[in-house]
Amino acid sequence: MSVNPSTQLPADPEHDPRASYAFEPEYVAALTNRIIATTGTGVTSYAPATGKPLAVIPQSSADDVKEAFARARRAQQAWARTSLDHRAELLLRLHDLVLDRQDEIIDLICWESGKARKHAFDEPLHIALTARYYARTAHDHLDTERRLGVIPGLTRAEVNRVPKGVVGIISPWNYPFTMALCDGIPALLAGNAVVTKPDAQTMLSALLGAQLLEEAGFPKDLWNVVAGPGRELGTPIIERSDYICFTGSTATGKLIAKQCADRLIGCSLELGGKNPILILRDADLDKAAEGAVRACFSNAGQLCVSTERMFVADQVYDRFKEKFVAATKAMKLSAGLEWGSDMGSLISQDQLDTVTAHVEDAVAKGATVLAGGKARPDLGPYYFEPTILEGVTPEMTCFGNETFGPVISLYRFHDEADAIARANDGEYGLNASIYSRDVKRARIVARQVKCGTVNINEAFGATFASIDAPMGGMRESGMGRRQGSEGIHRYTETQAVASQALLRFAPQFGLNDQQYARVMTTSLRLMKKMGRA
Ligand code: NAD
């Protein structure tokens, strides 16, 4: 049974720190009741834009995790017997619900994360795209597939896609609605149940996702939510999961990979990045400057595919810099739920400390601030200006370490090969962007960039929103892929079934072993001649 401390929220938030400044207690309770939590303890979450309390989040124990898996296992058995068409139909309902309820979803995301409304909109958009894509391609990914049998006409081989069972999903705070749901959608479609632990700072957005899944018709116990610190609940989740999907930092990803290895279960890890953008000499500079603002400052740079290193061709460096700095300085920073803000707040004091430290370190070691460079406590407790640095060198922290904030370093390049080598420098390999009028040439450059996604003449949306294309990181940016067939096949085991007619794999028709070996050898040679695989 779940406890729900938030039902006791008093009506007057001025007199009790547990009260919500944003929501009716009943609204919060309807969401937090979904958490499987029996500890009787709660942790207050705060609105980053104001620093005021939002909700009390009931906390789960290791026993609650056990209970979540017990429910998930029961629900999964029945779910795996439902038809693929039924599951796909529910996803199309989810698509409609998310679009119909987008105002509510976006309000909640804005309250919990402090991001600008236009960046919050990306979340229901991404979930609608993901739900529609997987609903419409369900049979392509999951139907039983014919494969080549060894003896033409006599061996019939097929591959079934069997659900893994219960998938554990551990998600971060930066895109709290989409990161909680987008990886779970293909898991459900493939016949799995889910136990999820969203980040503590943004539980409500994730819980609204759970509510919408149920409203779309997914059985309640198919999607189970637990709440609490990752370092406490991570291990109990991994111990019981048949597969782990993790999005978060590289450091945590490595810990999770080790635990999954111990259990020999698979995992996909979507991790950090130090993403480059290349502005080639033939780029449309107006388009590039506009795109660069989105590449660097969407969600205040707290985006895994956000750009933090910009390499600009010498021939256009000064003209591009002028346009990019002007566009950045023209950005409107504001808190609140209204449209019209170009950038919102960072999520927390921790994030503000990291961003401030990276900028102060760079400036102290000789970098120049071309735009921004300071916190903005006048706007809210965790605001930091969109910041452009020039003259960043390898001894500065922000040179190779992920800032995960609105800070971009500008570098000049003379030679394209050198720019590609610098873009490939370091241990990350998540996302890159290339601006060039010659798309064919840009595609050739893209192939040399060691990143899981490369966007040409766009910041990150071209790949991220193309759900049929796999998304994820090379090197220390991750393992496995979300989206596309890769994003759903990770949640299935392949099962090969082959039936044999007439001939058997042993001597027959009076042949001895040696004669059988000779006949088989002749057949192999013949099949090669016939061009058979
Ligand atoms: P984080 O790794 O600290 O936390 C992410 C999640 O992991 C949270 O739910 C947290 O509670 C949980 N967690 C923490 N320690 C754990 C442990 N020991 N065992 C199990 N779970 C644990 O990351 P963060 O700082 O919250 O998120 C920001 C990072 O995530 C950035 O580095 C960013 O690049 C990355 N990120 C990547 C993607 C992507 O798709 N590649 C998307 C978003 C964020």
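In the predicted model, Gln351 is found in helix H13, which spans residues 349–364. The relative accessible area of Gln351 is 10%, under the 20% limit, and the residue is therefore buried. Beyond the neighbours within four places in sequence, the contacts of Gln351 are with Trp173, Gln302, Leu346 and Phe404. Gln351 and Phe320 are 31 residues apart in sequence, and their C-alpha atoms are 29 Å apart in space.

Two of the contact partners of Gln351, Trp173 and Phe404, were examined further. Phe404 is placed in the loop between helix H14 (397–400) and strand S14 (407–413). Its phi is positive, about 55°, although Phe404 is not a glycine. Phe404 has a relative accessibility of 14% and so counts as buried. A positive phi is also found at Leu264, near 55°, again in a residue other than glycine. Leu264 sits in the loop between H10 and strand S9 (266–270). With a relative accessibility of 79%, over the 50% limit, Leu264 counts as exposed.

Trp173 belongs to the surroundings of the ligand. The ligand is surrounded by 26 residues, of which the closest are Ser171, Trp173, Ser249, Thr252 and Glu402. By class, the shell around the ligand divides into 11 nonpolar, 9 polar and 6 charged residues. Three elements each supply at least two residues of this shell: helix H9 (230–240), strand S8 (243–247) and helix H10 (250–263).

Polar contacts to oxygen atoms of the ligand come from both side chains and backbone. An N or O atom in the side chain of Trp173 is 2.7 Å from an oxygen atom of the ligand. For Arg482, a polar side-chain atom lies 2.9 Å from a ligand oxygen atom. At Gly248 the partner is a polar backbone atom, 3.0 Å from an oxygen atom of the ligand. On its own the ligand has 850 Å² of accessible area, and the protein covers 87% of this.

Helix H9, one of the elements that contribute to the ligand shell, has the buried residues Leu233, Gly234, Pro236, Ile237 and Ile238. The cover over these buried residues includes H2, strand S5 (166–170), strand S6 (193–197), S8 and H10. S8 and H10 thus appear both in the cover of H9 and among the elements that supply residues to the shell around the ligand.

Helix H2, which takes part in covering H9, spans residues 62–79 and holds Gln76. The relative accessibility of Gln76 is 10%, so this residue counts as buried. A polar atom of the Gln76 side chain lies 2.8 Å from the backbone oxygen of Gly191. With neighbours within four places in sequence left aside, Gln76 is in contact with Pro163, Gly165, Gly191, Asn192, Ala193 and Leu222. Gly191 is thus a contact of Gln76 and supplies the backbone oxygen of the 2.8 Å pair.

In soluble globular proteins, nonpolar side chains tend to be buried together. The largest nonpolar core of the model has 81 residues, and those with the most contacts inside it are Leu91, Leu94, Leu189, Leu204, Phe218, Trp223 and Ile244. For Leu91, the contacts beyond four places in sequence are Ala131, Tyr134, Ala135, Ile185, Leu189 and Phe218. A second core, separate from the largest one, comprises 68 residues, including Ile277, Leu278, Phe324 and Met396.

Leu189 is also one of the residues touched by Leu142; the others, beyond four places in sequence, are Leu84, Arg161, Ala190, Ile488 and Thr492. Leu142 lies in helix H5, residues 117–142. Because its relative accessibility is 11%, Leu142 counts as buried. Leu142 and His489 are 347 residues apart along the chain, yet their C-alpha atoms are separated by 8.1 Å.

A further buried glutamine is Gln508, whose relative accessibility is 14%. Gln508 is placed in the loop between strand S18 (492–500) and helix H19 (513–529). Beyond four places in sequence, Gln508 touches Leu502 and Leu503.

Conventions. Residues are numbered from 1 along each chain as its sequence is written. This is a predicted model: local features need pLDDT of at least 70, side-chain atom pairs count only at pLDDT 80 or more; totals for chains, interfaces and linings use all residues. Side-chain values use heavy atoms; hydrogens and water are left out. A nonpolar core is a set of buried Ala, Val, Leu, Ile, Met, Phe, Trp, Tyr and Cys residues joined through side-chain atoms within 4.5 Å. Buried means under 20% relative accessible area, exposed over 50%, partly exposed in between (1.4 Å probe, protein chains only). Contact means heavy atoms within 4.5 Å. A residue is near a molecule or strand if one of its heavy atoms lies within 4 Å of it. A polar contact is a pair of N or O atoms within 3.5 Å; within protein, one must be able to donate a hydrogen and the other to accept it, and residues adjacent in sequence count only if both atoms are side-chain atoms. Accessible areas come from the Shrake-Rupley method with a 1.4 Å probe; for residues, only the protein chains shown count as cover. Helices (H or I, at least four residues) and strands (E, at least two) are DSSP runs, numbered from the N terminus. Ala, Val, Leu, Ile, Met, Phe, Trp, Tyr, Cys and Pro count as nonpolar, Asp, Glu, Lys and Arg as charged, and the others, Gly among them, as polar.
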